Amino acid sequence: MSRTYSIAVIPGDGIGPEVVREGLRVLERVASIEGLDVRLTRYPFGAEHYLGTKEVLPDSAFEEIREHSAILLGAIGDPRIQVGFLEFGIIARLRFGLDLYVNLRPVKLYAEHLCPLKGKRPEEVDFVVVRENTEDAYAGMFGYFKRGTPDEIATQEILFTRKGTERVIRYAFELARRRARARKLTLVDKANAVRAMDLWTRTFEEVGAEFPDIARDHAYIDAATMWCVKNPEWFDTVVTSNMFGDILTDLAAMVQGGLGIAASGNIHPGRVSLFEPIHGSAPKYAGRNVANPLAAIMAVQMMLDYLGEPRAAARIEEAVAGLLRSKRVPSLGSDSGLGTSQVGDLVIGELERVQVPV
Ligand code: IPM
Ligand code: MG
């Protein structure tokens, strides 16, 4: 009997559609190898759709999307539209509306030559960042007073709740245990300056007491960025707030070989979750067949893993890792000499060949 999954696909803006196309070709191929029945529903939301219809993400579509097994998103953002408008209307709407409280961002170096740091080997860059995904400055509580005058005041609330902090920290402890690697969880915060983050400090200690087998570690965000470059091997599982996680994971993506590879999952365990590349819409590369589709392909990998298809996920990961190790995908994106669709072809060609556990 084949396992059936319904996937809501939002290719979005810029390079989103072309990288998602490769992600879906890989998904289709791996589904046929592994005997999965995957049904896609495509949604047109993004800049083009908004300019043509004034529709961002209608409630009816939101309700439909949430009935799927998972969501695959390309990228949102377009220079013709006010900064943040579609990002909030689509990405944040889905993250908050579906309560996707974990933003899971693996940082794994597949081949030494991809790392810009001197002498760092793959086993030294293998950690995962658990970014809180529903609170912090992202909650959208901002305002202006006397706007446009010399006396203008602008405010934006940094908001943390006990519930939001506790659930993401608990998820991270459980993940550190499942990874069964260094058995260490590092809390990254700025409690020495942002005193509201004392909530994170206390919650980390309290929840951590339930996980005596997991060592508790701590770094302030400024120092964490330094360690990420100097000693990435110190990290195994990292938990942090929304904005620090956003910043730290762009840096971490470079350490693993660039935004062309880095994928993420926006997750509410047990519920419909959303998978996307970490990179944005990169409008200047759109439609030129130069964008690296590996991040979108790895988003598909994370999605399959989340859906309980570890073999299909391992097949994709091995295919991608092998191509990177052997330098058949020599470098990244536009300087690789390979087009978006060629990289997709190479991954598809490997899917059958790779060894996966039975
Ligand atoms: C990310 C992005 C988004 C974020 C933007 C597009 C709003 O940078 O997913 O990391 O800040 O969360
Ligand atoms: Mg970001």
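**View 1. Ligand 1 occupies the second largest pocket of this predicted model.** A pocket here is an open set of points on a 1 Å grid over the protein atoms alone, with protein on both sides within 12 Å along at least five of seven lines. A molecule sits in a pocket if more than half of its atoms lie within 2 Å of its grid points.

**View 2. The shell around ligand 1.** Glu87, Arg95, Arg105, Arg131, Tyr138 and Asp246 surround the ligand (a heavy atom within 4 Å). By class, the shell holds 5 charged residues, 1 nonpolar and no polar. Asp, Glu, Lys and Arg count as charged, and Tyr is among those counted as nonpolar.

**View 3. Polar contacts to ligand 1.** Polar contacts are pairs of N or O atoms within 3.5 Å. Arginine 95 places a polar side-chain atom 2.7 Å from a ligand oxygen. For arginine 131, a side-chain N or O atom is 2.8 Å from an oxygen of ligand 1. Aspartate 246 also has a side-chain N or O atom 2.8 Å from a ligand oxygen. The protein buries 73% of the 320 Å² that ligand 1 exposes when taken alone (Shrake-Rupley method, 1.4 Å probe).

**View 4. Cysteine 115 and cysteine 228.** The whole structure contains 0 disulfides (cysteine sulfur pairs within 2.5 Å). Cysteine 115 is unpaired, and the nearest cysteine sulfur, in cysteine 228, is 9.4 Å away. That distance is too far for a bond. Cysteine 115 is buried at 10% relative accessible area, and cysteine 228 is buried at 1% (buried: under 20%, 1.4 Å probe, protein chains only).

**Notes.** Residues are numbered from 1 along each chain as its sequence is written, with chains lettered from A and ligands numbered from 1 in the order written. Local features need pLDDT of at least 70 and side-chain atom pairs pLDDT 80 or more, while totals for chains, interfaces and linings use all residues; side-chain values use heavy atoms, without hydrogens and water.

Note on methods. Polar contact = N/O pair within 3.5 Å; in protein donor to acceptor, adjacent residues only side chain to side chain. 1 Å grid on protein atoms, 1.4 Å probe; cavity = no way out; pocket = protein on both sides within 12 Å on 5 of 7 lines; lining within 4 Å. Buried < 20%, exposed > 50% of the residue type's maximum accessible area, 1.4 Å probe, protein only.
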